[in-house]
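I opened the model today and kept notes as I went. The entries follow the order in which I looked things up.

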Amino acid sequence: MADLIITIDGPAASGKSTVARLLAKRLGASFLDTGAMYRAVTLAAMQAGVDMSDEEKLLGVLDGKKFKFAIKESKMAVYIDGVDATGQIRGQQVTASARHIASAAKVRAKLVEMQRQFAAGQEKIVTEGRDQGTVAFPNADVKFFLTASPIERARRRQSELLAKGAGESLEKIQRDIEERDKSDQGREIGPLKPASDAIIVDTTDLSIEEVVEKLLDYTKEKCLKKSRK
Ligand code: C5P
């Protein structure tokens, strides 16, 4: 097991991935973007033309393909059967369909197992998603839950899309984000919610750097307390 596990959970476009990556860099830790895992299985299921409501078929996709997750140029790269799918998993159709994979209990159980295996091979890890502090790593050393208002999250997502040359109205982006929140909060297994011992950080009025500094301060404080015990 890793010596230091930090979990960051939160809703769509709350800045988790960027913050996790930067926090990991500051701590000399690895990071894991678990959303990329759900996205990779979604893409593979779409490519295989599998019925997304058939849990056994989805499990078959996860078992039948070789998924590789690796850190490349400080981002999480995804390979499906040896083919680089890092860009493709961010497509709008994948984003919209990921909820099927996210609510398939057996697929979730297997992905959580893969997340624990990944963490076991690291000395320190920052892992982000929806259920990292609640289900995957209930004994994590430090747990964060990032939030931001839906309109701010929509603005952030719009800037990301514009940077990629894709335009979308703010209203539509906010609607999609709120729909994903609802689906993530409403599922039975691994729903989006803060762990009872998570530190909740509202990032609405904070820059990425400010969030990272805040999380670093909390981490140092918590780890110091632990070492004094
Ligand atoms: O974080 P990201 O937007 O990349 O996640 C894609 C989808 O994967 C989310 O909408 C969510 O439904 C699912 N997910 C999940 N549990 C996680 C990470 C992501 O259910 N730990």
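Which backbone oxygen does the side chain of Gln122 reach, and at what distance? I found the backbone oxygen of Phe118, at 3.3 Å. I keep in mind that this is a predicted model.

**Entry: around Gln122**

I placed Gln122 next. It sits in the loop that joins helix H5 (105–120) to strand S6 (124–129). I then looked up its contacts, skipping neighbours within four places in sequence. That left Ala2 and Ser30. I also checked Gln122 against Val83, which is 39 residues away along the chain. Their C-alpha atoms are 25 Å apart.

**Entry: the two domains**

I looked up how the chain is divided. Domain 1 covers 1–29 + 123–220, and domain 2 covers 35–121. I took their centres over C-alpha atoms and got a separation of 19 Å.

Then I went to the interface. I noted 19 residues of domain 1 in contact with 20 residues of domain 2. The two domains bury about 1,500 Å² between them. Carbon and sulfur atoms give 53% of that area. Which residues of domain 1 lose the most area to domain 2? I listed Arg21, Arg187 and Ile189. Together they make up 26% of what the domain 1 side buries.

**Entry: the ligand shell**

I turned to the ligand. I noted 15 residues surrounding it. The closest are Arg39, Arg108, Asp131, Arg180 and Asp184. By class, I recorded eight charged, four polar and three nonpolar residues in the shell.

I went through polar pairs with ligand oxygen atoms. For Arg39, a polar side-chain atom lies 2.7 Å from one such oxygen. For Arg108, I read 2.8 Å from a polar side-chain atom to a ligand oxygen. For Arg130, an N or O atom of the side chain is 2.9 Å from an oxygen of the ligand.

How much of the ligand does the protein bury? Taken alone, the ligand exposes 460 Å², and the protein buries 96% of that.

I also sorted the shell by element. Helix H2 (34–48), helix H4 (92–102) and helix H8 (170–186) each give two or more residues. H2 has the largest share, with four residues.

**Entry: placing the ligand**

Why do I put the ligand between the domains? Domain 1 and domain 2 both give residues to the shell, so the ligand lies between them.

Notes: Residues are numbered from 1 along each chain as its sequence is written. This is a predicted model: local features need pLDDT of at least 70, side-chain atom pairs count only at pLDDT 80 or more; totals for chains, interfaces and linings use all residues. Side-chain values use heavy atoms; hydrogens and water are left out. A residue is near a molecule or strand if one of its heavy atoms lies within 4 Å of it. A polar contact is a pair of N or O atoms within 3.5 Å; within protein, one must be able to donate a hydrogen and the other to accept it, and residues adjacent in sequence count only if both atoms are side-chain atoms. Accessible areas come from the Shrake-Rupley method with a 1.4 Å probe; for residues, only the protein chains shown count as cover. Ala, Val, Leu, Ile, Met, Phe, Trp, Tyr, Cys and Pro count as nonpolar, Asp, Glu, Lys and Arg as charged, and the others, Gly among them, as polar. Domain bounds come from an automatic or database domain assignment. Contact means heavy atoms within 4.5 Å. Buried area is the accessible area (1.4 Å probe) that two parts lose on being put together, summed over both.
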